[in-house]
Amino acid sequence: LRNMGVNAYAGRIQDFIATRPAGHPPYDVIFLDLTSSLPPLLSTIRALFKNHLISSDTVLAVTTSTRASRPLPQFKGMPEDWSRAHAAYTLFSTLITAAESHGYTIKPALPRYVHTAPHFEK
């Protein structure tokens, strides 16, 4: 794959993001397979934007567990218990907030008649 210009990384995404040098170009595709509890991994999603590893052309795919851990993330009006709905809300809220804090908005990536799949625009 490397001869085709494709690079892959298998390991802890937190370590990978932390080792990207300043000025590293953004990626075309990022697939985060976050299989452990979501709350501790929210900073990883924020770091993608903070470290400029996402551009308006980046495709970001995320899988995550809906398991809870302590402490739970706090959002205005969110109950103290945890559910799959809270996990989904937390993931999308984090993505939207991180994108907006770096000048991006999330808009549908599918045809005009489908308005559910987000992508990033700057």
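1. The largest pocket encloses about 770 Å³ of space, a value that comes from a predicted model. Among the 26 residues that line the largest pocket, those closest to its centre are Ala8, Tyr9, Ile13, Phe16 and Phe31.

2. As to which elements build this lining, helix 1 (13–18) and strand 1 (29–34) each supply at least two residues, and strand 1, with six residues, gives the most to the lining of the largest pocket. Sorted by class, the lining of the largest pocket consists of 16 nonpolar, six polar and four charged residues.

3. Ile13, one of the residues closest to the centre of the largest pocket, has its place in helix 1. Ile13 counts as buried because its relative accessibility is 17%, which lies under the 20% cut-off for that term. Once residues up to four places away in sequence are set aside, Ile13 touches Leu32, Leu34 and Thr44.

4. Ile13 can also be placed relative to Leu41: the two residues are 28 residues apart in sequence, while their C-alpha to C-alpha separation in space is 9.5 Å.

5. Thr44, which appears above as a contact of Ile13, is found in helix 2 (residues 42–50). Thr44 has a relative accessible area of 3% and is therefore buried. When its neighbours within four places in sequence are left aside, Thr44 is in contact with Ile13, Gln14 and Ile17.

Notes: Residues are numbered from 1 along each chain as its sequence is written. This is a predicted model: local features need pLDDT of at least 70, side-chain atom pairs count only at pLDDT 80 or more; totals for chains, interfaces and linings use all residues. Side-chain values use heavy atoms; hydrogens and water are left out. On a 1 Å grid over the protein atoms alone, a cavity is a set of points where a 1.4 Å probe fits but cannot get out, and a pocket is an open set with protein on both sides within 12 Å along at least five of seven lines; lining residues have an atom within 4 Å of a point. Grid points are joined across faces, edges and corners, and a volume is the space filled by probe spheres set on the points. Helices (H or I, at least four residues) and strands (E, at least two) are DSSP runs, numbered from the N terminus. Ala, Val, Leu, Ile, Met, Phe, Trp, Tyr, Cys and Pro count as nonpolar, Asp, Glu, Lys and Arg as charged, and the others, Gly among them, as polar. Buried means under 20% relative accessible area, exposed over 50%, partly exposed in between (1.4 Å probe, protein chains only). Contact means heavy atoms within 4.5 Å.
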